[in-house]
Amino acid sequence: MAPIAVVVVYAFRDLLWVAVLSAVVWLLAGITARLALAGNQPDWRMPEHPARPPARHPYFIMNPKSGGGKVGKFDLKRKAEDLGVEVFLIGGSEPVDVAKVAREAVERGADLLGVAGGDGTQALVAGIAAGYGIPFVVISAGTRNHFALDLGLDREDPSACLGALSDGVELRVDLGVINGQTFVNNASFGAYAEIVETPAYRGDKLNTTLNTLPDLLQGHRGARLRVRADSTEIEAPQALLVSNNPYGTGDIAGLGRRVRLDRGSLGVVGVTVGSAWQAAGLLRGKHSTGVKVLTTKQVEIIADTPQIPVGVDGESVLMSTPVTCAISPGALRVWVPRDRPGVPAPKPSVSWSRLRHLAGVPHPGQTIDRR
């Protein structure tokens with residue numbers, strides 16, 4: 001009510017223009033101050049390389065059920081075959097070992113692999129492409145396609161991704177590896193892994209995570225975890241997220257953006273809460289109480305049980321402990337269309353240490369000469 005009262009008083013005194021002008025000046029001052037403190041952001045785009053030589057025998061695996069039937073809706077099979085692609089459609093009631101299908105295709109002469117499907121399928125086939133050193137093409141035909149989003153691909157029109165074959169460029173991106181299995185986005189443990197098993201998760205990851213995470217953290221009774229990352233340890237986190245390159249500022253649930261996928265590091269987020277208030281406070285992101293954020297090359301997760309559930313790129317699996325996650329820098333050659341939506345510039349983060357220096361506020365144990 002106080003700001004409203006001030007506006008009313010200014011209006012009755014014919015000074016409303018002063019309030020408006022002051023607000024505009026404050027806004028401009030805030031914007032310029034943030035830009036000055038954030039500094040430049042060089043090299044936020046991944047470098048592009050020529051996509052050559054042209055693929056002579058491209059091979060795509062397509063899942064007609066992914067994304068509510070995007071393969072059929074956008075006529076992806078026919079469009080790919082018109083470009084000379086051999087297409088394998090996943091069908092039938094029996095599960096398909098897509099890694100085996102991809103491996104056999106390479107052994108028959110395929111020199112490029114592609115997937116139209118979800119991130120879990122993308123990761124399995126990407127691991128085969130990386131192992132053979134051949135290019136990989138992502139077709140954004142899954143439900144959310146976080147990997148495609150961070151590559152700057154068009155998620156509204158999956159057929160636009162086929163432009164990588166005719167006019168493409170190459171990005172060399174990292175792959176995460178968990179107990180020998182590749183992942184392109186993240187691996188989740190504890191309460192995060194429980195969220196992946198929730199039926200509503202596949203259709204609405206964002207709201208499902210935000211709505212269920214605080215309750216799961218409070219009622220979590222799973223295995224007791226211990227995390228080792230270089231010289232850092234996280235004791236008994238109720239939720240743990242390990243990502244292929246760190247997510248943007250403020251994201252503790254793996255639902256945000258990664259501007260680059262070639263930094264050669266894992267992002268680690270561990271959450272330990274002791275009260276309902278702390279659990280609800282997780283909406284504040286990385287600055288919440290009980291949140292530990294770090295980057296590392298390798299992380300080991302130890303548990304008091306021989307096996308633990310893990311969500312790997314949105315797919316729930318059971319893994320033997322200890323679980324080891326590592327980064328494989330530049331392992332995957334991804335071909336993407338030259339003309340694509342791209343990745344927006346990251347929001348600059350303020351350097352608070354620089355602000356303290358400019359304001360003349362010393363760090364603990366530091367003195368400032370004010371002469």
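Which side chain makes a polar contact with the side chain of Asp150 at 3.3 Å? Arg257 is the answer: its side chain and the side chain of Asp150 make that contact. Keep Asp150 in mind as you read on. Here are my notes, point by point.

1. **What you're looking at.** This is a predicted model, so treat it as one. The protein has 371 residues, and 44% of them count as buried. On the secondary structure side, there are 12 helices and 17 strands. Take the contacts between residues at least 6 apart in sequence: 71% of these join residues at least 24 apart.

2. **Back to Asp150.** You'll find Asp150 in helix H7, which covers residues 146–150. Its relative accessible area is 0%, so Asp150 is buried. Have a look at Pro344 as well: 194 residues separate Asp150 and Pro344 in sequence, but C-alpha to C-alpha they are 9.6 Å apart in space.

3. **Arg258, another partner.** Besides the contact with Arg257, the side chain of Asp150 makes a polar contact with the side chain of Arg258, at 2.8 Å. Arg258 is in the loop between strand S11 (239–244) and strand S12 (266–271). Is Arg258 buried or exposed? With 0% relative accessibility, Arg258 counts as buried. Its side chain also has a polar atom 2.9 Å from the backbone oxygen of Asn244. If you leave out residues up to four places away in sequence, the residues that Arg258 touches include His146, Phe147, Val184, Asn185 and Tyr247.

4. **Two helices side by side.** Two packed helices are described by the angle between their axes and the distance between the axes. Try that on helix H5 (residues 98–107) and helix H6 (residues 119–132): their axes come within 9 Å and cross at roughly 30°. Angles under 35 degrees count as roughly parallel, and H5 and H6 are therefore roughly parallel to each other. The crossing of H5 and H6 is right-handed. On the H5 side, the contact is made by Val98, Ala99, Ala102, Arg103, Val106 and Glu107, and on the H6 side by Thr121, Leu124, Val125, Ile128 and Tyr132. Sorted by class, that contact has eight nonpolar residues, one polar residue and two charged ones.

5. **Thr182, and a link to H6.** Thr182 is found in strand S7, residues 181–183. How does a residue with 16% relative accessibility get called buried? The cut-off for buried is under 20%, so Thr182 at 16% counts as buried. A polar atom of the Thr182 side chain lies 2.7 Å from the backbone oxygen of Ala123. Not counting residues up to four places away in sequence, Thr182 touches Ala123, Leu124, Gly127, Leu175, Gly176, Val177 and Val312. You've met Leu124 already, as one of the H6 residues in the contact with H5.

6. **A buried glycine.** Gly117 sits in the loop between strand S4 (112–116) and H6. At 0% relative accessibility, Gly117 counts as buried. The C-alpha atoms of Gly117 and Ala141 are separated by 4.9 Å, and these two residues are 24 apart along the chain. Leaving out residues up to four places away in sequence, Gly117 touches Ser66, Gln122, Ile139, Ala141, Gly142 and Asn145.

7. **Backbone spots to check.** Most residues other than glycine have a negative phi, and most peptide bonds are trans. Which residues are joined by a cis peptide bond here? Arg52 and Pro53 are one such pair, with omega about 0°. Thr321 and Pro322 are another, again with omega about 0°. Pro53 lies in the loop between strand S1 (49–50) and strand S2 (58–62). Pro322 is in the loop between strand S16 (315–320) and strand S17 (323–337).

8. **Positive phi.** Asn179 isn't a glycine, yet its phi is positive, near 50°. Asn179 lies in the loop between strand S6 (168–178) and S7, and it is partly exposed, with a relative accessible area of 38%. Ala236 also has a positive phi, about 55°, although it is not a glycine. Look for Ala236 in the loop between strand S10 (232–235) and S11.

Conventions. Residues numbered from 1 in each chain as written. Predicted model: local features only at pLDDT ≥ 70, side-chain atom pairs only at ≥ 80, totals over all residues. Heavy atoms only, no water. Axes fitted to C-alpha atoms, helices over the stretch in contact; angles between N-to-C directions. Helix = DSSP H or I, 4+ residues; strand = E, 2+ residues; numbered from the N terminus. Parallel < 35°, antiparallel > 145°, perpendicular 65-115°, else oblique. Left-handed = near helix turned anticlockwise from the far one by under 90°. Contact = heavy atoms within 4.5 Å. Nonpolar A, V, L, I, M, F, W, Y, C, P; charged D, E, K, R; others polar. Buried < 20%, exposed > 50% of the residue type's maximum accessible area, 1.4 Å probe, protein only. Polar contact = N/O pair within 3.5 Å; in protein donor to acceptor, adjacent residues only side chain to side chain.
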